[in-house]
Amino acid sequence: MTNSIDIIHWIDANQQRFIDISDKIWEYAEIRFEEVKSAKLQIEVLEEEGFEVTRGVADMPTAFVASYGKEGPIIAVLGEYDALSGLSQKAGVFEKTPVEEGASGHGCGHNLLGAGSLAAAIAVKNYLESHKIPGIIQYYGCPGEEGGSGKTYMVREGLFDAVDIALCWHPFSTNFIFNLSSLSNIQVYFRFKGISAHAAAAPHMGRSALDAVELMNIGANYLREHIITQARLHYAVTNTGGNAPNVVQADAEVLYLIRAPTILQTKEIYERVKKIAKGAALMTETEVEIIFDKAASNLIPNDIVGEVLFEKFKEVGAPQYTEEEIEYGKKLRQTFNKGEVPELNTFGAFKEELGEDMIEKIKTKIIFDDILPNTLPEFTLPGSTDVGDVSWVVPTSQIGTSCVILGTPGHSWQEVTQCTTSISHKGMIAAAKVMALTALEFVENIELVNEAKAELNMRLGSTKYESPIASEVKPNVPKWVFEAMK
Ligand SMILES: [Zn+2]
């Protein structure tokens, strides 16, 4: 059996190192596929620790796989480290104050996600080394989770083919086993090309690409009524064609994000959205170019992995908070809480499964300091993650740990401002311990690995994994990043 005390002590004794890494990544705040400094920092630490690092995998310079150990079960810990554009925000303050106007910020806590997973991988490596236990621990440096689907490209490349178990976590405002499903998605640009002309003097000479975008969106909005209710359709006009109303817009572009519970459903809706785009082009006598950006599959939960995570989480225990931290939370909460606790939208329906007292804690606490029982029925979260693709090829499960105060809106300045506080650090360290203990459990218990694999096979049945991204589509990485990572 694993000596849990060794692992927990090691992480406690070394926590400042990983807190510093997390805070640095928070400061770098690099967006999808541009995580140059964040990737370099982690690679440096992993190489110092004796991991073998393969850099720039799957056509993404900031993606890497770090591996330690020669034989035994292969356990992968997934790390993310990308920020969100436009969310620049000073740390630990109570109002929206960007560090730099328009710059990016860690509004999803991925600075914690990467550093926490890194701590888990290194703790496991030290344990395997000092106890001379066979087993392979890998840290997957996964870029571009936000709008990039980095992991989907890594899965397509076959980088997870030999992995036995994959573990991940995400900062949340509660502690729970994130053994749920998520929506699959496809993101696509529709670029229309028309003919410019003087909008008053020669309107008949012009063919408006902006008209095509508008008509396409109208078509898509009518489509909504005739797709399954769990599906989601969002769009952003990424090029309006300019600011001059007296010019017929010759170029315009709209970015669509299509989601549904399974990737097959998403693909079906995508085919229908393409017809609408072609129809809009036909109506406006413009041309449309369809540029596939990225996609992610739905998550396949794994109860065997989820149960081990839960047992280890109970062993580690939920972080506890000081009066000072709670006071900080109360003050920050005034900036967003209007008597509503959005977490109740997710968990409130499961009073019976979670117990009245847990629901009461979510309702009344400032910072969640307990662990939700692992009794949630399987449901689909109304969001997407590229962990989904990993979960189709490797038994995978995740945890959420309390890193921000209850009620914190995701992707907000309030989330960015908290992600370097002791509240966040505590959640990150707890996640590192739980994942490290879980990884070791699987290293030492091959029977359990086989059970998790059997569960995955059972869940997939005869459905084979097919990458939702066609082989000719490459990750949308800016050219300068290839140079910068050399
Ligand atoms: Zn996230």
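**Group meeting talk: two sheets and the helices around them**

Okay, let's start with one pair of strands: E6 and strand E13, residues 396–402, run antiparallel to each other and share 2 bridges. Before I go on, keep in mind that this is a predicted model. If you want to find that pairing on the screen, look for Phe176, which sits opposite Gly400 in E13. There's another spot to click on too: Ile177 has Ile399 in E13 as its bridge partner.

Now, what does E13 do on its other pairing, with E5: parallel or antiparallel? With E5 it's parallel, and that pairing has 7 bridges. One example is Leu167, whose bridge partner in E13 is Ser397. For the first-years, a quick reminder: sheet strands pair through hydrogen bonds of the backbone, and the pairing can be parallel or antiparallel. E13 is also well tucked in, with 6 of its 7 residues buried.

Let's zoom out to the whole sheet. It's an open sheet of 7 strands, and if you walk across it you meet E1, E2, E4, E3, E5, E13 and E6, in that order, with mixed pairing. So who's at the edges? Strand E1, 52–55, and strand E6, 176–177, have a single partner strand each, so one side of each has no neighbour in the sheet.

Next, the helices on this sheet. Helix H2, residues 36–48, packs on it and touches E1, strand E2 (64–68) and strand E4 (136–142). The direction of H2 makes about 155° with that of E1. Then there's helix H3, residues 110–131, which lies across E2, strand E3 (74–80), E4 and strand E5 (165–172). H3 runs at about 155° to E3.

While we're in this area, I want to show you two loop residues. Ala29 sits in the loop between helix H1 (4–28) and H2. Its phi is near 40°, which is a positive value in a residue that isn't glycine. Lys132 is in the loop between H3 and E4, and it has a positive phi too, about 50°, although it's no glycine either. Which of these is buried and which is exposed? Ala29 counts as buried, because it has 27 C-beta neighbours inside 10 Å. Lys132 counts as exposed, because it has 6 C-beta neighbours inside 10 Å.

Okay, on to another sheet. This one is open as well, with 4 strands in the order E9-E10-E8-E11, and the pairing is antiparallel. Its edge strands are strand E9 (232–239) and strand E11 (287–296), and each of them pairs on one side only. From one strand to the next, the twist averages 20°. E9 and strand E10, residues 251–260, pair antiparallel over 7 bridges. To find them, click on His234, whose bridge partner in E10 is Leu257.

And which helices go with this sheet? Helix H6, residues 209–223, lies across strand E8 (184–193), E9, E10 and E11, and runs at about 20° to E10. Helix H7, residues 263–284, lies across E8, E10 and E11, but runs at about 155° to E10.

Now for a nice helix to practise on: H9, residues 323–333. Tyr328, Gly329 and Leu332 are buried there. They're on the same side of H9, because they cover an arc of only 100° around the axis. Here's the general idea: an α-helix has 3.6 residues a turn, so residues three or four places apart point the same way. Flip to the other side of H9 and you find Glu323, Glu327 and Lys331, which are exposed. What covers the buried residues of H9? Helix H14, 413–418, is one of the elements that do.

Last stop, a pair of helices. The axes of helix H8, residues 303–316, and helix H16, residues 446–460, come within 8 Å and cross at roughly 135°. H8 and H16 are therefore oblique to each other. At the contact, Asp303, Ile304, Val305 and Val308 of H8 meet Leu448, Glu451, Ala452 and Glu455 of H16. If you sort the residues of that contact, you get 5 nonpolar, no polar and 3 charged.

That's my tour, thanks for listening!

Technical notes. Residues numbered from 1 in each chain as written. Predicted model: local features only at pLDDT ≥ 70, side-chain atom pairs only at ≥ 80, totals over all residues. Pairing = 2+ DSSP bridges. Contact = placed C-beta atoms within 7 Å. Axes fitted to C-alpha atoms, helices over the stretch in contact; angles between N-to-C directions. Buried ≥ 20, exposed ≤ 12 C-beta atoms within 10 Å, placed from the backbone. Arc of directions from axis to C-beta. Parallel < 35°, antiparallel > 145°, perpendicular 65-115°, else oblique. Nonpolar A, V, L, I, M, F, W, Y, C, P; charged D, E, K, R; others polar.
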